[in-house]
Amino acid sequence: MRNALFRRVELAALRRYAELGALDAEAGWDAGAWAGALEPYFAEHDEIGTGPDARGPAMLIIDAQPDRWTVRQIFDDPAGDHDWGISAEVDLDASDEAGIAVLRITSVGQL
């Protein structure tokens, strides 16, 4: 789950909206939705960090429920505000069945 979510951070940092859309279009997050959500971030900040601090446990919030997890991957912004990120739900049964994390992006933006 961490890797799948952080992959989206890496793609967002590179502004690869088409690739993000390919991952999440079924949940309504096509390339245009990703661009629309992330461009306000880039109007405030020059980059999204992807180094060790960005991958650290302090940047990921997990709310574990019996059948799903609600997660928030916080962006490592240059100002250190940490008030932007990606929220998603992880379907645990579907993830077990698929053998990979099954994420559904629920929001991208500022807290």
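Rings of Phe, Tyr and Trp, the last taken by its six-membered ring, form a pair if their centres lie within 6.5 Å; planes under 30 degrees apart count as stacked, over 60 as edge-to-face and the rest as tilted. The exercises below apply this to a predicted model, whose protein chain has a mean pLDDT of 96, with 100% of residues at 70 or more.

**Exercise 1. Confidence**

Find the elements of the protein chain where confidence is lowest and highest.

Solution. The low end is helix 5 (residues 92-98), with a mean of 94. The high end is helix 3 (residues 31-44), at 98.

**Exercise 2. Aromatic pairs**

State how many aromatic pairs the structure holds, then classify the pair of Trp29 and Trp34 and the pair of Tyr41 and Phe75.

Solution.
- Step 1. There are four aromatic pairs.
- Step 2. The ring centres of Trp29 and Trp34 are 5.5 Å apart and the planes meet at 55°, so this pair is tilted. Trp29 is buried at a relative accessible area of 13%, and Trp34 is buried at 0%.
- Step 3. For Tyr41 and Phe75 the centre-to-centre distance is 5.4 Å and the angle between planes is 80°, which makes the pair edge-to-face. Tyr41 belongs to helix 3, while Phe75 lies in the loop between strand 2 (68-74) and strand 3 (84-91); the pair thus links distant parts of the chain, 34 residues apart. Both Tyr41 and Phe75 are buried.
- Step 4. Ring pairs join Tyr41, Phe42, Phe75 and Trp84 in a cluster. Over the ring of Phe42 sits the charged end of Arg15, 3.8 Å from the ring centre.

**Exercise 3. The largest nonpolar core**

Identify the members of the largest nonpolar core that touch the most other members, and the elements that supply it.

Solution.
- Step 1. The core has 27 residues, and those touching the most other members are Trp34, Leu38, Phe75, Ile86 and Val108.
- Step 2. At least two core residues come from each of helix 1 (2-13), helix 2 (17-24), helix 3, strand 3 and strand 4 (103-110). Helix 3 contributes the most, six residues.
- Step 3. Take Val108 as an example. Beyond four places in sequence, Val108 contacts Trp29, Trp34, Ala37, Leu38, Gly85 and Ile86.

**Exercise 4. The faces of helix 2**

Decide where the buried residues of helix 2 lie around its axis.

Solution.
- Step 1. The buried residues of this helix are Tyr17, Leu20, Gly21 and Asp24.
- Step 2. Viewed down the axis of helix 2, they occupy an arc of 100°, so they line one face.
- Step 3. Ala18 and Ala22 are exposed on the other side of helix 2.
- Step 4. The cover over the buried residues includes helix 1, helix 3 and strand 4.
- Step 5. Asp24 has a relative accessibility of 3% and therefore counts as buried, the cut-off being under 20%. Setting aside residues up to four places away in sequence, Asp24 touches Arg8, Trp29, Trp34 and Ile105.

**Exercise 5. The surroundings of Leu5**

Establish whether Leu5 is buried or exposed, and list what it touches.

Solution.
- Step 1. Leu5 is part of helix 1.
- Step 2. Its relative accessible area is 0%, so Leu5 is buried.
- Step 3. Not counting residues up to four places away in sequence, Leu5 touches Leu60, Val71, Gln73, Ile86, Ala88 and Leu103.
- Step 4. Leu5 and Val71 are 66 residues apart along the chain, with their C-alpha atoms separated by 9.0 Å.

How values were computed:
Residues are numbered from 1 along each chain as its sequence is written. This is a predicted model: local features need pLDDT of at least 70, side-chain atom pairs count only at pLDDT 80 or more; totals for chains, interfaces and linings use all residues. Side-chain values use heavy atoms; hydrogens and water are left out. pLDDT is the predictor's confidence in each residue, from 0 to 100. Helices (H or I, at least four residues) and strands (E, at least two) are DSSP runs, numbered from the N terminus. Buried means under 20% relative accessible area, exposed over 50%, partly exposed in between (1.4 Å probe, protein chains only). A charge sits over a ring if NZ of Lys or CZ of Arg is within 6 Å of the ring centre and within 35 degrees of the ring normal. A nonpolar core is a set of buried Ala, Val, Leu, Ile, Met, Phe, Trp, Tyr and Cys residues joined through side-chain atoms within 4.5 Å. Contact means heavy atoms within 4.5 Å. The arc is that of the directions from the helix axis to the C-beta atoms.
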